[in-house]
Amino acid sequence: MKYILTLIRARNLVMIVLSQALVQACLLAPGLEWHRLLDTKFWVLALSTVCIAAAGYIINDYYDIKIDAINKPERLLIGRRIRRRKAMFAHLILSGAGLLLGLLLSIPVGLINLGAVLLLWGYSARLKKMLLIGNVVIALLSASMLLIVAVYADELNRITLGYATFAFLISLIREIIKDIEDMKGDASFECRTLPIVAGMRGAKLVLYPLVAVFQTFVIIVILHPASSLLFDGYMVLLVLLPSVWLIVKLLRADRKRDFTYLSNLNKLIMFTGILSMLLL
């Protein structure tokens with residue numbers, strides 16, 4: 001069971017459910033409406049997202065066996081702890097379950113889930129090896145994870161779009177950082193990721209303006225006249241300042257462990273940003 005939970009990134013799946021639950025309770029209407037979480041159909045939606053995300057993690061590891069043997073040998077599960085055929089079967093079952101659950105809810109949700117399945121397969125097989133395309137795909141999928149809740153409820157609003165933009169930007173930054181972290185293994189298998197094409201220095205030169213755009217976005221949100229003092233203070237202390245620290249550490253980063261730290265810091269910023277929904 002330990003290996004299965006690791007393979008499907010159980011912690012990340014919990015984060016997905018938490019994020020969608022907060023969108024459901026906090027963003028679809030003014031104020032907190034926890035009773036919205038009693039809607040059974042919402043949990044069917046969350047389950048469909050979790051199934052597709054878990055399938056995505058499996059197929060990604062399936063295609064990355066040789067690369068992970070170099071980048072993360074201690075985390076290599078498929079082919080060592082879990083048979084390749086069983087992993088592929090699990091991917092197909094989870095993807096099918098996610099698609100079916102989405103279609104049972106609505107055609108738009110089903111189509112979004114279908115797009116996610118196809119993008120995750122394409123990302124794992126080829127797109128992740130291409131310059132920036134794989135990074136953008138994952139960032140878009142991160143944003144869609146929030147948007148799908150509002151789409152299903154037919155209550156897409158400016159605040160939900162704002163958080164989707166937040167998720168897109170912070171995910172894009174993290175994906176590029178992860179590519180720098182994994183340069184050694186990726187380079188051995190003819191990947192064309194940003195740090196391989198432009199070097200570590202070139203990748204950093206792309207990251208600096210991206211983080212600046214992210215920080216500008218956060219500042220605009222903080223300065224919005226409708227935001228509360230509590231929300232503004234939270235965003236400054238737990239989102240904006242950590243992103244400044246990310247820049248400081250990025251300037252000095254030159255080893256794999258430095259970029260591992262930056263990737264984890266990025267995940268923390270994403271987590272605190274998502275929790276800010278509670279203060280709206």
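Here are a few friendly notes on one pocket and one helix pair in this predicted model.

1. Let's start with the pocket. The second largest pocket has a volume of about 660 Å³. Its lining is made up of 26 residues, and those closest to the pocket's centre are Ile159, Tyr163, Val221, His224 and Leu280.

2. Which helices should you look at around this pocket? At least two lining residues come from each of helix 2 (10-27), helix 8 (158-181), helix 10 (194-223) and helix 11 (229-252). Helix 8 gives the largest share of the lining, with five residues.

3. As for the character of the lining, 17 of its residues are nonpolar, eight are polar and one is charged.

4. Two of these helices, 8 and 10, are worth viewing as a pair. How do their axes lie? The axes of helix 8 and helix 10 come within 9 Å and cross at roughly 155 degrees. Because angles over 145 degrees count as roughly antiparallel, helix 8 is roughly antiparallel to helix 10. The crossing of the two helices is left-handed.

5. To find this contact on screen, try the residues that make it. On helix 8 they include Gly162, Thr165, Phe166, Leu169 and Asp179. On helix 10, among them are Leu194, Pro195, Met200, Phe214 and Phe217. By class, the contact between helix 8 and helix 10 has 19 nonpolar, two polar and one charged residues.

6. A last look back may help you tie the views together: helix 8 supplies five residues to the lining of the second largest pocket, and residues of helix 8 such as Ile170, Leu172 and Ile173 take part in the contact with helix 10.

Notes:
Residues numbered from 1 in each chain as written. Predicted model: local features only at pLDDT ≥ 70, side-chain atom pairs only at ≥ 80, totals over all residues. Heavy atoms only, no water. 1 Å grid on protein atoms, 1.4 Å probe; cavity = no way out; pocket = protein on both sides within 12 Å on 5 of 7 lines; lining within 4 Å. Points joined across faces, edges and corners; volume = space filled by probe spheres on them. Helix = DSSP H or I, 4+ residues; strand = E, 2+ residues; numbered from the N terminus. Nonpolar A, V, L, I, M, F, W, Y, C, P; charged D, E, K, R; others polar. Axes fitted to C-alpha atoms, helices over the stretch in contact; angles between N-to-C directions. Parallel < 35°, antiparallel > 145°, perpendicular 65-115°, else oblique. Left-handed = near helix turned anticlockwise from the far one by under 90°. Contact = heavy atoms within 4.5 Å.
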